[in-house]
Amino acid sequence: MSEMITVGEAIARTLEQYQVDAIYGVISIHNLPIADAVGQRGNIRFVPARGEAGSVTMADAHGRFSGLGVALTSTGAGAGNAVGALVEAMNACTPLLHLTGQVEKAWLDADTGFIHETRDQLTFLKASSKRAYRISNANQAIAILHKAIQDAQTPPCGPVSVEIPIDIQGAKIPASLVTAAVRPATPAAVDAATVDALWAQLKQAKQPLLWLGGGALSSAAAVKKLADAGMTVISSTHARGVLPDNHRASLRAFHNSPSVEAIMESCDFTLVAGSRLRSNETRSWTLTLPEPRVQIDIDPAAASRNYLMDQTIIADCGALLTALAAKAQGREWGNSAWDEQVQQAVVAAEQGLREQCGAYAGLNDAIEHALPDDGILVRDITVSGSLWGSRLFRAHQPLKNIHSLAGAIGMGLPMAIGTAIANPQHKVVGLVGDGGLSLNLGELATLAQEKANVTLLIMNDGGYGVMRGIQDKYFGGRQYYNELHTPDFTALAQAIGLQAWTVNRAEDFQAAMTEALAMPGPSVVEVRMGEIGALRFAGPPQKTLY
Ligand SMILES: Cc1ncc(C[n+]2csc(CCOP(=O)(O)OP(=O)(O)O)c2C)c(N)n1
Ligand SMILES: [Mg+2]
């Protein structure tokens, strides 16, 4: 008989096989066999977050960079606290493994009042994850774990939850059941005839538009070649930087700007690469997208989901764009006059945005100046994030400007922590509002404890700025429930042991950001917006609010 180890230890050993270097979680009576094994082995960093929402969001951020984020939560309320963060990871298609507990197998679903028990936990995990598994048999635990990781890492990637009854976590199994990492399922090879046919169609177009989504995040080289060949490129906010902002063909993510919309509308072909064409970026699908339209997506269910396509090619975006780019020989579309029009449209869009941002455009510039090129901006859902953070702030590489795609507030701080831990050589700026920060405020202590290399920029306007704008625009200016009693965040951060600065004059943006970003490790800059001026934003452009 081979060595016998607990399922908890087998899980720890298996995660090592996948080169997992950090697990984010909150320990509990219902997950200690796993946490204890991770601790004893000492090969994986365990980050004790202050809440399950924060831990799953940290793991989400980590997974966006490393290819597998891992979170550990408890049964019942602990698993429930993870749900919002799982919803975000679903939206971002993050490869994420969420391990959670369950009551003892003998008492499963029996409503006996077992500690932490909840009704039908698997159902809410299924609803918020790409898939959710229950482990019912100790000898099968590692097989299911491999399957869960494979699901998480197979495009379209996503969070996969695994609930493990506590007695199974502690049960002994042969160590031989721990086997090597399993690779994600590989998509079918790109069909040469499909590529030829698409190329022939594209060649007939005078000016094709390439719309990039998160599915194209790893296609930067192919996209550059297609842009060099003359395709005009716009990206979702998630795919910003796949084509660097300074490329002559880049419309960045200036959807919703009249000048850029005019450029898009004068194209005569739309190629959508790995994008859901979401409501925020299409004015709830009222934006005109030129026809013919061809879509590349790995998910068959994505075909014509919101815009009617002339063709959907079910394929790995990277492989298909690479094959397509290989056909480009120098300039295939457009000319310098068109490039000029594209650039003028971008300049006009940027100018409009700068005017809207007023003094805060200077804050954007101060960060651009002080943050090294390889630095990363992580933003919460705030007026500042939605205005200058998402569109003005530079993007020269993919995943240098990340955010909560599902639009939920509160994820900025944990997302910044996970980003910094996954990227120890890069400085991270976490851009948050006073309202959103309050949801995961406890994670300020995690930031300090982990010495994560984050400068947290708190835009304090004493309430819900986005909601003020929406109430102004759609509710006759009636302002309810958006004023918040906010702490003195600078003093709060200092009490937690963080270096912190208060900025209440636009003239000080540069000095504060330069000083904070020059300091390795965590720091906080609180911008008191009341003294500088309000920033107006009424949510993403809509057809109507409802
Ligand atoms: C989880 C969640 N709850 C509520 C909202 C609605 N919401 C959107 S923006 C916002 C205000 C955020 O306030 P703050 O973080 O201070 O940023 P500000 O808008 O003031 O810039 C709210 C409440 C949301 N998007 N997500
Ligand atoms: Mg606010």
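Helices and strands are taken here as DSSP runs, helices being H or I runs of at least four residues and strands E runs of at least two; the model shown in all views is predicted.

**View 1. The annotated central domain, residues 196-324.** An unreviewed UniProt entry lists residues 196-324 under "domain: Thiamine pyrophosphate enzyme central". Over this stretch the chain is 29% helix and 18% strand, and the C-alpha atoms at its two ends lie 8 Å apart.

**View 2. The surroundings of ligand 1.** Ligand 1 is surrounded by 19 residues, of which the closest are Thr382, Gly433, Gly435, Gly436 and Gly465. Three helices each give two or more residues to this shell, namely H16 (383-392), H18 (434-439) and H20 (465-474). Sorted by class, the shell holds 8 nonpolar and 8 polar residues, together with 3 charged ones.

**View 3. The packing of helices H15 and H16.** Helix H16, which also contributes to the shell around ligand 1, packs with helix H15 (residues 360-370) at an angle of about 45°, the two axes being 11 Å apart. Because angles from 35 up to 65 degrees are neither roughly parallel nor roughly perpendicular, H15 and H16 are oblique to each other, and their crossing is right-handed.

**View 4. The residues at the contact of H15 with H16.** On the H15 side the contact is made by Tyr360, Ala361 and Asn364, while H16 supplies Ser384, Trp388 and Leu392. By class, this contact comprises 4 nonpolar and 2 polar residues, with no charged residues.

Notes: Residues numbered from 1 in each chain as written. Chains lettered and ligands numbered in written order. Predicted model: local features only at pLDDT ≥ 70, side-chain atom pairs only at ≥ 80, totals over all residues. Near = placed C-beta within 6 Å. Nonpolar A, V, L, I, M, F, W, Y, C, P; charged D, E, K, R; others polar. Axes fitted to C-alpha atoms, helices over the stretch in contact; angles between N-to-C directions. Parallel < 35°, antiparallel > 145°, perpendicular 65-115°, else oblique. Left-handed = near helix turned anticlockwise from the far one by under 90°. Contact = placed C-beta atoms within 7 Å. UniProt positions renumbered as here; feature names shortened; annotations may be inferred.
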